[in-house]
Amino acid sequence: MKKLWFLFWLLVLVLFVAACSHTQEPKTTTEAVISQLSKEEFDNVGTTGLNNPKKDDFLKFTFNFEVEHAANITRKVEFPKRKSWKEAVNSIDDKDRFWFGEGYEENSDGENFARYKSEFVFYSKGLNEEEIRKAFNSITLKLYLDIEEGETFEKEYQVSDLVKFNNNQSS
């Protein structure tokens, strides 16, 4: 019976130490989706200079990133610059493929979160999924967190590895 009590208290101690020493991992969400334009979206695309443009000649790229972490953690995030997205898409075949886009970044010191979003439309006529995915090889997002004295969390996100194609046709 003494052995059972000893094992019980040993287990309680181990669980207590594990719970106290466990550092909360940051919660990250990433999304990189390439999708068809809706008819309404296509109606807002300027197509001057294109020969017989169609809705299927354009794609929309959406990139979302969020990180949440404990309040006592210092964070540094290196987000892709807006210019990087344009350069990546235009590098596929040296044509002007980036049409228009927008985005935002929320990355204030003292907050326990950061958010980043970029969304743009690009001219995709004649491109396949492999060529498009390869264009994003040059785009990375880097996350650094100082969790505890001497302990850091670092992660690099390669956008080309995250890209998903949503081939559902929108009306």
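pLDDT is the predictor's confidence in each residue, on a scale from 0 to 100, and it is a handy place to start, since the structure here is a predicted model. Across the chain the average pLDDT comes out at 85, and 84% of the residues score at least 70. That confidence is spread unevenly over the elements: helix 1 (residues 2-21) sits at the bottom with a mean of 55, while strand 2 (residues 58-68) comes out on top with 95. The weak spot runs through residues 18-22, where pLDDT stays under 50 and the model shows zero contacts beyond four places in sequence.

As for the overall layout, the chain holds five helices and eight strands. Read from the N terminus, these elements follow the pattern α-β-α-β-β-α-β-β-α-β-β-α-β. Of the contacts between residues at least 6 apart in sequence, 71% link residues at least 24 apart. Buried residues account for 34% of the 171 in the chain. The exposed surface adds up to about 11300 Å², with carbon and sulfur atoms supplying 49% of it.

Five of the strands line up in an open sheet, in the order 4-5-2-1-8 and with mixed pairing. Strand 4 (98-106) and strand 8 (163-166) form the edges, each pairing on one side only. Neighbouring strands in this sheet are turned by 15° against each other on average, ignoring direction. Within the sheet, strand 2 runs antiparallel to strand 5 (residues 113-123), and the two are joined over eleven bridges. Glu68 is found opposite Phe113 of strand 5. Helix 3 (residues 82-90) packs on the sheet, where it touches strand 2, strand 4 and strand 5. The direction of helix 3 makes about 150° with that of strand 4.

Next comes a residue in a loop. His69 lies between strand 2 and strand 3 (74-78). With a relative accessible area of just 3%, His69 falls under the 20% cut-off and therefore counts as buried. Its side chain makes a polar contact with the side chain of Arg75, at 2.9 Å. Setting aside neighbours within four places in sequence, His69 is in contact with Pro26, Arg75, Glu111, Asn112, Phe113 and Leu145. Phe113 thus turns up twice in this picture: as a contact of His69, and as the residue in strand 5 that stands opposite Glu68.

How values were computed:
Residues numbered from 1 in each chain as written. Predicted model: local features only at pLDDT ≥ 70, side-chain atom pairs only at ≥ 80, totals over all residues. Heavy atoms only, no water. Helix = DSSP H or I, 4+ residues; strand = E, 2+ residues; numbered from the N terminus. Contact = heavy atoms within 4.5 Å. Pairing = 2+ DSSP bridges. Axes fitted to C-alpha atoms, helices over the stretch in contact; angles between N-to-C directions. Buried < 20%, exposed > 50% of the residue type's maximum accessible area, 1.4 Å probe, protein only. Polar contact = N/O pair within 3.5 Å; in protein donor to acceptor, adjacent residues only side chain to side chain. Areas by Shrake-Rupley, 256 points an atom, 1.4 Å probe, with all protein chains shown as cover.
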